[in-house]
Structure formats: structure tokens, C-alpha cells
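Trainee: Hey, have you got a minute to go through a structure with me? I'd like to start with the aromatic rings.

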Amino acid sequence: MPPPVAALVAFAKAVSAVVQEALLNQACASIGRDFQAIVRTDVAHVERVRLLVNLAFAEGWLDGLIVALRIALPASGDLNAAREALEAATGDVRDGWFRALSEPARSPVVPEGGMADRAQLRAYLAEMTSPTGRPRRLLLMSGPPECGKTFARQLIELVTQRAQVGLAYIDTRFWDDGDDPGAGATHEKVAAAIASGLNLPALATNGHTTIDRSVEDLARDLADRLRASGRSAWIFIDHLDTSAATPSVKKLIQKLAFLAAKENYPLWLVVGGRDLKPDVFGAAAVDRVRHEQVAPVQDDELERFFVDLSIHLQGVPLDPADAQRARERVRERTAGDPLELAAALWAEATALFKPAEPA
């Protein structure tokens, strides 16, 4: 799957090749945009289209522009191919018919399938990615096993993918091995994995210093390298309290959280576990923490999933009785296994909303 920026460029080129200025004016006007007013006129048409697509993407109205162009030129093969590649690259298409929301944090679908509710998480992600207000860059997720914390990572992947920022996912269980006396995640291993996940240069290590000093140096080195790269990034550290991670990993998290919250480095931290408290980020950063207590999905949340999806795809809510029957079928599909919920939701959504194939 190409990165979103490459797909955006390819889509802009396809638009400029088949959509002339008059038709582009018309398409923009149909969604309340003035092509002449918002894009500079002293450059070639291909550059003007690139600027338009980039602006639509940045401001969140690219979906509307795509729909307008599809209406204006429904049979354009090259344009449709570029649109499909763009939607696939930004997580906007599943099986060729699901249309994603322009706000990825509200997406009812993640790579594994349907994702019901998580209203608190969605609100936190919207707040944490807002360009205005006091920055909230620390998120803690805690809850029992198999209640959906993994799907939160996939939702965050959609958000970071759309924003074109990096994401390093670190599962501290990776280093667990009962037969290895040196097993368990350490601050050095976790810091190196973060740098690798964000494609940053290898971090400098000093084996002749205290653990506290080593943690401080690695956290600062990591944050400085990220800032020097000119990019922003999210760091997701999972299973902190159910792995053999050493106490130094928590110290690394606290130092990175301090840098994000107090010194405004361009990074966001997410920490997942079963029974963690906000102080995992340290006392100096605790006032910036958002804490989601994840719980098993309830029946009313499943029904709301289908009602909201119907509104999104068809413009009208699903009848309550139909939503209840859909929920019952989902429960039958899962047979009590919460790990099957996402796939069951998607299977039922496909049965309800996917257009019938032509005979």
C-alpha cells in the first residue's frame, strides 16, 4: 500500500490530466468552494490541481471533492483508478464499497473489521489532534483483556496515516522469554525499537552510567532526533503491566511524557495495560493525561453501530428492529468470543449495506 502522500500526488496528476478548469470550477462550486479564489493562478494547471488536492486533504473536504468529480466524470477510467488508489492508501475503502468518514477518529471500521462505540477514545483522539487549544498528548488505556484495546491501536493508525505522521507501536511482551535470564523489555530496547519504528538514526548509548542518567539521555536523544527530522510521531507502548518490562521502561515513558507535555516536542504517547493509573506518565505530566477505561461492548453499542453506519452510508438511520436483529446475528457469529467481534460486525455490515452485484 503506497503512503498517502504518494497517492495524493498520483490522484492530483490524474485529475489535472482529465479535468479541465471549467469542469473543476463547476465541481468545486457544487461543494461550496471557489477554485479561482483558493488556489493561486500564476502556475500551470497541473500545479494548481496539486495545490487544490493538498488543500482539500489538509482541511478535511477531499471526500466532497472526490464525490463531485465522480459525478462530473463518472466514466473516467484513469481518474477512478487514481481515486481508488488514494482511498485504499488512506484506509478509505473496504471491498470497494465502504466510504470512510472525513474524520478518521470517528471511523466505524478498522483493519480487522467493525469497531463499535469507543466514544470516549474518539473524543480524546479528536482533542489530541486538534491544532488549537492546550495540547493533550498523553493517552492511557486500561481495561480487562480482550475488551478492544488492540482495535484502538488500529484506529490510531488510521488517524496517523491520514495526518501523515509516524507511529511506533511497541508491545513490551515481545522481549518476554522465561528461559532467558536477560528477558524483559528494558529502556534501551524500547528506545531502540521506537527509533527504528520511526525510521530515526540509531540512538547513542552509554553503558558506563546510571540507569536514571541513561533513561534521561535516551529520551532526550530520541525527542531531539524526532524534532530534527521535521516530523511528528505517536508512540504506542502496550501491555506495560502484563509483561516482564523492567522499571526503567516506565521511567523512559515518564521522561518522554515530560518532553511532550512540558517542552512541546512533536510527539504523542499512548500507553496500554490492564490496571495502569495516570501516574505512569509521571507527576509532572499527569495534568495532561487523558484516560480511557475500556469495557466490553454492550448490546446497545452494537445496535448503535449499525444505526450510525446506515446514516453514514445511506443518509437514513437503520430501523431499530433491524438494528436489534443485526446485533443478535453478530452475537451468534461471535459465540461469546470477543476477539471475533470486529470480523462479525464487518460481515453483518456487508450483508446489510453492500450493494448487490449486477446480474
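Trainee: So how many aromatic pairs does the structure hold?
Mentor: It holds four of them. Keep in mind that this is a predicted model.

Trainee: Okay, take Tyr169 and Phe236. How are their rings arranged?
Mentor: Their centres are 5.3 Å apart and the planes make an angle of 75 degrees. Planes over 60 degrees apart count as edge-to-face, so that is what we call the pair of Tyr169 and Phe236.

Trainee: And which parts does that pair tie together?
Mentor: Tyr169 belongs to strand 4 and Phe236 to strand 5, so the contact links parts that are 67 residues apart in sequence.

Trainee: What about Phe305 and Phe306, how do those rings sit?
Mentor: The planes of Phe305 and Phe306 are at 85 degrees, with the centres 5.0 Å apart, so this pair is edge-to-face. Both Phe305 and Phe306 are buried.

Trainee: Back to Tyr169 for a sec. What's its relative accessible area?
Mentor: Tyr169 has 28%, which makes it partly exposed. Phe236 is at 1% relative accessibility and counts as buried, because the cut-off for buried is under 20%.

Trainee: Phe236 is in strand 5, right where I got lost. How many residues of that strand are buried?
Mentor: Six of the six residues in strand 5, which covers 233–238, are buried. Ala233, Ile235 and Ile237 point one way, while Trp234, Phe236 and Asp238 point the other way.

Trainee: Which strands does it pair with, and in what sense?
Mentor: Strand 4, residues 166–171, pairs with strand 5 in the parallel sense over six bridges. Strand 5 also runs parallel to strand 6, residues 267–273, and five bridges join them.

Trainee: Can you give me some residues to look for? Which one stands opposite Asp238?
Mentor: That's Asp171. On the strand 6 side, look for Leu267, the bridge partner of Ala233.

Trainee: And what kind of unit do strand 5, helix 11 and strand 6 make?
Mentor: Those three form a right-handed β-α-β unit, with helix 11 spanning residues 247–262.

Trainee: New topic: charges and rings. Where does the charged end of Arg137 sit?
Mentor: You'll find it over the ring of Trp268, 4.7 Å from the ring's centre.

Trainee: Which ring does Arg227 lie over?
Mentor: Arg227 lies over the face of Tyr265, at 3.8 Å from the ring centre.

How values were computed:
Residues numbered from 1 in each chain as written. Predicted model: local features only at pLDDT ≥ 70, side-chain atom pairs only at ≥ 80, totals over all residues. Heavy atoms only, no water. Buried < 20%, exposed > 50% of the residue type's maximum accessible area, 1.4 Å probe, protein only. Helix = DSSP H or I, 4+ residues; strand = E, 2+ residues; numbered from the N terminus. Pairing = 2+ DSSP bridges. Right-handed = clockwise from strand over helix to strand, strands pointing away. Phe/Tyr/Trp six-rings, centres within 6.5 Å; stacked < 30°, edge-to-face > 60°. Lys NZ or Arg CZ within 6 Å of the ring centre and 35° of its normal.
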